[in-house]
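Here are some exercises to work through with the model open beside you. Try each task before you read its solution.

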Amino acid sequence: MRTAYVYNFLIEANIMASAAIVLMLALRKWLRKPLGSRALCFGWLMVAVRLLCPLALPNPLIGSIRPSSVGDGVIRPIGGQVMVRTRDALSDLYVFTRREMGVAEENAVAGGIRSAYFGMWNGDFPRFLMAVYAVVLLLIAAWFVYGNVRFLTRVKRSRVDTLQGDVAEGYRALCERMQIKPLPVYLCDPLPGACLAGVWKPFIALPLTMKQEDMLLTLEHELCHYKNRDHLFALIRLVCCAVHWFNPLVWLAAHASRTDMELRCDERVTQHKTEAEKKRYATLLVTSAARRTAPGLSVAATGMTMTARRLQNRVRSILSGQTVIRALSRAFAVSCAALLLCAFATVEYTPRARIPAFAQEMQPTPVPLHDPADAEDMAKAWAANPLLNAGVEDAEWNAEAFGDVEGAYQVYTVDHPERYFSMTVREDGSVLSLTNKPLSFYDMTAYTVNNLPQSTLDRTVDFAYAWALQMNPLWAETLQKPTDTQDYRIGNAHYVYFEMPVADENYAYVYATVQVLPEFQMIEIGGGNG
């Protein structure tokens with residue numbers, strides 16, 4: 001896999017997700033009660049999808065932000081902007097250290113900045129950063145795996161019994177009421193607090209010292225975790241933190257989403273309970289908090305409660321009897337889904353090229369020329385051709401003898417603000433070269449590889465080949481089609497360039513540049529020796 005693909009994914013995912021995380025943190029602070037924790041958890045899920053899914057959808061507007069001087073077309077516009085801004089920042093930093101701070105060029109800091117700057121151009125610095133990223137990713141992933149294996153091993157070793165008697169009967173009735181297949185439940189010692197452990201084969205672990213009157217309420221909370229698939233979401237959080245370890249907002253979002261997950265369970269457990277039952281549930285949370293029952297963030301398991309600092313909002317939420325505005329909650333969910341779709345729209349949209357089939361009437365008929373005025377009239381007639389669409393009818397023209405070939409004239413526009421048009425023609429009316437370039441074409445800093453479909457390239461070559469034979473009959477017997485072509489983009493225009501061998505006393509090949517998108521146009525075609 002090319003580094004550019006990973007680079008695109010990381011840059012786009014983090015920019016889009018970071019904006020969403022900031023928005024989510026603001027919403028959960030100011031609109032938690034009307035939205036409800038269930039809606040907030042859905043929002044966090046959408047953030048996770050953007051962080052982990054490498055999907056990229058076409059966007060007809062994204063091309064407008066593609067920067068210049070990014071020659072690799074695999075680098076998409078957002079990643080290109082970051083790359084250019086990084087290069088500029090390194091250049092400014094180098095100038096500042098050398099001129100403003102007076103740091104010698106031999107200094108290690110100045111040398112490192114200079115190496116990083118040139119490394120951005122040849123790709124060495126991004127590849128180095130990607131290697132560092134991969135190493136840290138593996139280390140964090142290993143830490144997560146170790147922590148989870150260690151936690152599960154300890155819990156499994158501490159099993160001493162299963163539910164018995166009235167508690168077991170009450171648990172089966174609870175599962176039937178919640179329409180859940182009963183999970184295995186184990187009494188463990190030592191175990192500081194209840195938890196739902198395991199991802200593929202989850203089970204509930206309860207402390208052996210827990211009072212029997214608290215067990216069913218605790219089991220209801222853990223079953224809510226299971227019904228909400230929170231054990232799977234815990235795994236997703238770990239993957240997000242590992243893949244995007246360098247983004248502090250992702251770690252902050254993991255902590256916030258974990259709190260919202262607990263609040264959602266609280267809402268689900270207490271939604272049909274009396275005030276007395278809610279107070280009892282809140283008391284159970286406070287009692288459990290004193291033992292720090294929740295597994296750490298690096299463990300894909302759910303605990304019933306958290307430390308006292310985060311518990312205050314949960315107790316207040318349970319006892320306040322907050323009312324969720326369902327219409328607002330649904331509107332929020334729809335908006336999240338729509339924004340997620342937009343957040344994936346990071347690829348430039350390339351419509352299908354429409355390459356016409358060549359016909360002789362597409363070109364003006366060559367006519368004999370007697371002087372430069374005739375050559376100018378012929379050039380103006382060609383410039384008006386729909387397939388050239390030069391738009392230089394109001395231009396000032398210049399016509400003169402072409403010194404390189406005897407009996408030939410060169411005609412060209414002078415100081416046109418948008419386009420340069422030039423033709424070299426023989427006295428017999430045959431065309432040696434034609435140039436029909438927009439002035440922006442000369443801005444080669446915006447050159448990027450486009451990778452057009454092979455069928456588009458083949459049809460473009462066929463058209464230009466037939467056009468060349470018609471414009472200069474002398475090439476008919478020796479002109480050959482090219483063996484390979486190259487395509488590129490300047491701005492939003494897409495071009496195909498190739499050379500066709502020819503046996504001519506003046507030229508070794510015929511070159512051609514054809515614009516295929518957004519509309520088909522002949523840009524240049526003619527003989528060359530370079």
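The exercises below concern a predicted model, and each one comes with a worked solution.

**Exercise 1. Find how helix 1 (residues 3–30) is oriented against helix 3, and describe their contact.**

Solution. Start with the axes: those of helix 1 and helix 3 come within 8 Å and cross at roughly 170°. Next, apply the cut-off: angles over 145 degrees count as roughly antiparallel. Helix 1 is therefore roughly antiparallel to helix 3. The crossing of these two helices is left-handed.

Now list the residues that meet. Helix 1 brings Phe-9, Glu-12, Ala-13, Met-16, Ala-17, Ala-20, Ile-21, Met-24, Leu-25 and Arg-28, and helix 3 answers with Leu-40, Gly-43, Trp-44, Val-47, Arg-50, Leu-51 and Leu-52. Sorted by class, this contact holds 13 nonpolar, one polar and three charged residues.

**Exercise 2. Turn to helix 3 and helix 13, and work out their relative direction.**

Solution. Look first at the geometry: the axes of helix 3 and helix 13 are 9 Å apart, and the packing angle is about 5°. Angles under 35 degrees count as roughly parallel, so helix 3 and helix 13 are roughly parallel to each other.

Then see which side chains and backbones come together. On helix 3 the residues are Ala-39, Leu-40, Phe-42, Gly-43, Met-46, Val-49 and Arg-50, while on helix 13 they are Ser-329, Phe-332, Ala-333, Cys-336, Ala-337, Leu-340 and Ala-343. This contact divides into eleven nonpolar, two polar and one charged residues.

**Exercise 3. Do the same for helix 4 (residues 77–100) and helix 5 (residues 108–122).**

Solution. The two axes come within 9 Å, with a crossing angle of roughly 155°. That angle makes helix 4 roughly antiparallel to helix 5. The crossing is left-handed.

From helix 4, the contact takes in Met-83, Thr-86, Arg-87, Leu-90, Ser-91, Leu-93, Tyr-94, Thr-97 and Arg-98; from helix 5, Ala-110, Ile-113, Arg-114, Ala-116, Tyr-117, Met-120 and Trp-121. Their classes are ten nonpolar, three polar and three charged.

**Exercise 4. Locate the largest pocket and describe its lining.**

Solution. The largest pocket has a volume of about 1,100 Å³. To find it, go to Ser-37, Arg-38, Ala-39, Arg-264 and Glu-267, the closest to its centre of the 40 lining residues. Then trace the walls: helix 3 (37–52), helix 9 (230–243), helix 10 (248–270), helix 12 (308–320) and helix 13 (326–343) each give two or more residues to the lining. Finally, sort the lining residues by class: 19 are nonpolar, eleven polar and ten charged.

Notice how this ties in with Exercise 2: Ala-39 is among the residues closest to the pocket centre, and Ala-39 is also one of the helix 3 residues that meet helix 13.

**Exercise 5. Which peptide bonds to Pro-190 and Pro-518 are found, cis or trans, and where do these prolines lie?**

Solution. Recall the background: most peptide bonds are trans. Check omega from Asp-189 to Pro-190: the value is near 5°, and the bond is cis. Pro-190 sits in the loop between strand 3 (185–188) and strand 4 (195–197). Next, check Leu-517 and Pro-518: omega is about 5°, and this bond is cis. Pro-518 belongs to the loop between strand 15 (509–517) and strand 16 (521–528).

**Exercise 6. What is the sign of phi at Gln-179, positive or negative?**

Solution. Most residues other than glycine have a negative phi. Gln-179, though not a glycine, has a positive phi of about 60°. Its place is in the loop between helix 7 (165–178) and strand 3.

Notes
Residues numbered from 1 in each chain as written. Predicted model: local features only at pLDDT ≥ 70, side-chain atom pairs only at ≥ 80, totals over all residues. Heavy atoms only, no water. Axes fitted to C-alpha atoms, helices over the stretch in contact; angles between N-to-C directions. Helix = DSSP H or I, 4+ residues; strand = E, 2+ residues; numbered from the N terminus. Parallel < 35°, antiparallel > 145°, perpendicular 65-115°, else oblique. Left-handed = near helix turned anticlockwise from the far one by under 90°. Contact = heavy atoms within 4.5 Å. Nonpolar A, V, L, I, M, F, W, Y, C, P; charged D, E, K, R; others polar. 1 Å grid on protein atoms, 1.4 Å probe; cavity = no way out; pocket = protein on both sides within 12 Å on 5 of 7 lines; lining within 4 Å. Points joined across faces, edges and corners; volume = space filled by probe spheres on them.
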